[in-house]
Amino acid sequence: MIEGLLIIVLAVFLNMTLGAIIAIWIKNMIVVDLFWVTGPMICVWLLVGQAPGPSLAATVVGIMVTMWALRLGIFLLVTRVLKGKQDKRYTKIEEQWTGK
């Protein structure tokens, strides 16, 4: 059980690190929202994969979470990222940031 949780934590950490690197590279932090959306999807499929046997209920939940993540992710991609919009929340954080 602990190993499974560590795998999930590592996968989400790597996902968000990749999101941060891409956001810094393209100089638009809104792309981080796309990686936040994929976090629950990664978690649910890692949990489904760790189940002791095939479970219809777990698979259905995985599909539902994936559909939600894809819907929200595509919406954010089309309406924000591809249009190059800047998010006021991230802009405010960047203005107040004093560290490196």
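This short report walks through a few helices of the structure above and the residues that stand out in them.

The model is a predicted one. Across the protein chain the pLDDT averages 88, and 98% of the residues score at least 70. Confidence varies between helices, and the table gives the two ends of that range.

| Helix | Place in the ranking | Mean pLDDT |
|---|---|---|
| α3 | highest | 93 |
| α4 (residues 88-96) | lowest | 79 |

Let's begin with helix α1, which runs over residues 2-26. Its 25 residues reach 36 Å from the first C-alpha to the last, close to the 36 Å expected at 1.5 Å a residue. Just after α1 comes Lys27, with a positive phi near 60 degrees.

Several residues of α1 are buried: Gly4, Ile8, Asn15, Met16, Gly19 and Ala23. Helix α2 (31-50) is included in what covers the buried residues of α1.

Ala11 is another residue to look at in helix α1. Leaving aside residues up to four places away in sequence, Ala11 touches Ile42 and Leu46. Ala11 and Gly39 are 28 residues apart in sequence, while their C-alpha atoms are 8.5 Å apart in space.

Now for the surface. Leu70, Ile74, Leu77, Val78 and Leu82 make a nonpolar surface patch of about 460 Å². One of these residues, Leu77, belongs to helix α3, which covers residues 56-81. Leu77 counts as partly exposed because its relative accessibility is 32%, and partly exposed lies between under 20% for buried and over 50% for exposed.

Definitions and conventions:
Residues are numbered from 1 along each chain as its sequence is written. This is a predicted model: local features need pLDDT of at least 70, side-chain atom pairs count only at pLDDT 80 or more; totals for chains, interfaces and linings use all residues. Side-chain values use heavy atoms; hydrogens and water are left out. Patches are made of residues with over 30% relative accessible area and no salt bridge: like charges are joined within 9 Å, nonpolar side chains (Val, Leu, Ile, Met, Phe, Trp, Tyr) within 5 Å. Accessible areas come from the Shrake-Rupley method with a 1.4 Å probe; for residues, only the protein chains shown count as cover. A salt bridge is a side-chain nitrogen of Lys or Arg within 4 Å of a carboxyl oxygen of Asp or Glu. Helices (H or I, at least four residues) and strands (E, at least two) are DSSP runs, numbered from the N terminus. Buried means under 20% relative accessible area, exposed over 50%, partly exposed in between (1.4 Å probe, protein chains only). The expected span of a helix is 1.5 Å times one less than its number of residues. Contact means heavy atoms within 4.5 Å. pLDDT is the predictor's confidence in each residue, from 0 to 100.
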